[in-house]
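Me: I'm new to this structure and would like a close look at a single part. Could you take me to the place where the ligand sits and show me what is around it?

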Amino acid sequence: MLELRNLSKSFPGVKALDDVSVSFAPGEIHALVGENGAGKSTLMKLISGIYQPDAGRIVFDGKPLRFRSYHDSLRAGIDIVYQEIQIVPENTVAESIMIDKLPTRGWTGIIDWRKVNATALEYMRTVQLDVAPDTLMKHLSPAQKRLTQIARALSADAKVILLDEPTSALTEHEADNLFGILRRLKQQGVTLVFVSHKFEEVFALCDRASVLRDGRLIGTRPIAELTRPELIQMMIGREFLEEHMGRVSVNRNRVVLKAERVTQRGRIHDASFELHEGEILGFYGLVGAGRTELARTLIGEQCMDGGKVWIDGARAHIRRIGDSLYKYGMGYVTDNRKEEGLFLEDTVRSNVTVAVWPQLVHRLTRYISGRREDAIASEMVAGMSIRTPGFASLVEHLSGGNQQKVSVAKWLAADCRILIVDEPTIGVDVAAKGQIHQLLRNLAEKQRKAIILISSDMPEIIKLANRILVFREGRIVGEVDDVDNPEKRYDQLSLAIGNFLQ
Ligand SMILES: Nc1ncnc2c1ncn2[C@@H]1O[C@H](COP(=O)(O)OP(=O)(O)OP(=O)(O)O)[C@@H](O)[C@H]1O
Ligand SMILES: [Mg+2]
């Protein structure tokens, strides 16, 4: 039994946790829910010894715990899968999984690499991570990196596993597989603490839920006694209505972007499609299906081995990212914010305005206008409810979901005509997710932008897209049109999408 008694933790300018007491039982899956910045990750980091509490105690099996580091908690049988994917790029997958327990050969102290790879492979199979054990971490997709972390936690044979948004970046299929694993661990008496913004997951998987709001515990309740609106009410203190987005008027006569047989050897094969003014075109598929690669090729970050691209009817020559942004007004919101979407050690203000700096430079003095920078930043912070003590705060100190909002805000500020957004709502809470959806909607509907939405979240893509292209193994294998027709039901659409993936 793991008990938290009256835990408090402050950071400069924020009380992240305020007198929180919860207990977690063996063999239970305990959901920890709350809005972005509510204190979930901070709670997990206190349990795993990464942060020290300012006040309060952690009691495990009747004994008070004082961890000075993550390794102490690991030794006590507590392991954590972080919200932010943390990797050593030059390590192999097998090393990353086995890092704390590399087997040595007899008395020699020499690491038995063959055994490392073989053991790691077992755990990789469990999580269905389908790469060679000696692949370098830097070559993995975000989903694969995530699966590596989960495999590592499984291999640690822990009594308590803390999972901070483990399914972000995973597809439904991969998440289902993970849930199977978690249910088995639960049967073995492992305590699982699970943070997720996806209610489907919370209701399908968890036994009890504890809700945090502004660092305080609002309550702990058995899931069987909770409804979704009640849970949302506990989280945000008011009811949140999810609205249907309705139909967008797409101008099918205006082709903004046309791709013809775009190919990148070994990754994308003959991708052809058209994107119209005012359209939200969904790219759906399993992680690794080539959606992100296609996006990166279109913006000029990866080179094209074949095929042609037209923008507004004229052949486009995009050789680097600068071309796509400055010549063609095309922006890309990355799904990998930690490594490339944000300047973590910089302020919220600079991150939001970085893509528009050229417009902020004064014609004569060549200085960036601080006033306009502030105006844009404050509009974005308010418009997207980014929870931060101020625009001068460093992005690395924001909670994960608020970082994601900053990375989306940056491209909204850039005022691109074509916007490619890659998994824009990973890790953001319900209210913020609704705001991002509304923003994307308005961009298409009112500002007549053309948007490509890459998402592995089926409800999200069905809610927002007019048309969905289905990707599999680097190819576009199907198209579902008329998605926003109110006559069409969710289950019909999801079936149509699913059929292409068979
Ligand atoms: N190292 C830090 N320095 C300063 N402030 C921090 C730090 N870590 C967290 N905070 C602040 O503490 C509060 C709680 O953050 P936390 O990361 O626990 O939220 P969360 O519930 O996990 O949110 P999310 O759903 O966005 O991941 C936030 O206001 C955040 O900005
Ligand atoms: Mg968090």
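Reply: Here is a walk around ligand 1, followed by a look at the two domains beside it.

Keep in mind that this is a predicted model. Start with the overall layout: the protein splits into domain 1 (2-226) and domain 2 (251-501). Ligand 1 lies between these two domains, because both of them give residues to the shell around it.

Now zoom in on that shell. There are 20 residues around ligand 1, and the ones that come nearest are Phe-11, Asn-36, Ser-41, Ser-399 and Gly-401. Which elements give two or more residues to the shell? They are β2 (14-24), α1 (40-47) and α15 (400-414). As for its make-up, the shell has 12 polar residues, 5 nonpolar ones and 3 charged ones.

Next, see how the two domains meet. Their centres, taken over C-alpha atoms, are 30 Å apart. Contact between them involves 21 residues of domain 1 and 23 residues of domain 2. On the domain 1 side, α5 (142-155) and α6 (172-187) each supply at least two of the touching residues, with α6 giving the most, at 3 residues. That side is made up of 10 polar, 6 nonpolar and 5 charged residues.

Let's move on into domain 2, which spans 251-501. One thing to find there is an open sheet of 4 strands, running β14-β13-β16-β17 with antiparallel pairing. β14 (268-277) and β17 (314-315) are at its edges; each has a single partner strand, so one side of each has no neighbour in the sheet. Between β13 (residues 251-264) and β14 there are 7 bridges, and Val-262 is opposite Ala-271 in β14. Helix α9 (residues 291-298) packs on this sheet and touches β13, β14 and β16 (306-311), with its direction at about 105 degrees to that of β13.

Another strand to pick out is β20 (residues 450-454), where 5 of its 5 residues are buried. Both faces are covered: Ala-450, Ile-452 and Ile-454 are buried on one side, and Ile-451 and Leu-453 on the other. β20 pairs in the parallel sense with β15 (residues 280-285) over 4 bridges, and also in the parallel sense with β19 (residues 418-422) over 5 bridges. Follow Ile-454 to see both pairings: this residue is the bridge partner of Phe-283 and also of Asp-422.

Note on methods: Residues are numbered from 1 along each chain as its sequence is written. Chains are lettered from A and ligands numbered from 1 in the order in which they are written. This is a predicted model: local features need pLDDT of at least 70, side-chain atom pairs count only at pLDDT 80 or more; totals for chains, interfaces and linings use all residues. A residue is near a molecule or strand if its C-beta atom, placed from the backbone, lies within 6 Å of it. Ala, Val, Leu, Ile, Met, Phe, Trp, Tyr, Cys and Pro count as nonpolar, Asp, Glu, Lys and Arg as charged, and the others, Gly among them, as polar. Domain bounds come from an automatic or database domain assignment. Two strands pair if DSSP finds at least two bridges between them. Two residues are in contact if their C-beta atoms, placed from the backbone, lie within 7 Å. Axes are lines fitted to C-alpha atoms, for helices over the stretch in contact, and angles run from 0 to 180 degrees between N-to-C directions. A residue is buried if 20 or more other C-beta atoms lie within 10 Å of its own, exposed if 12 or fewer, and partly exposed in between; C-beta atoms are placed from the backbone.
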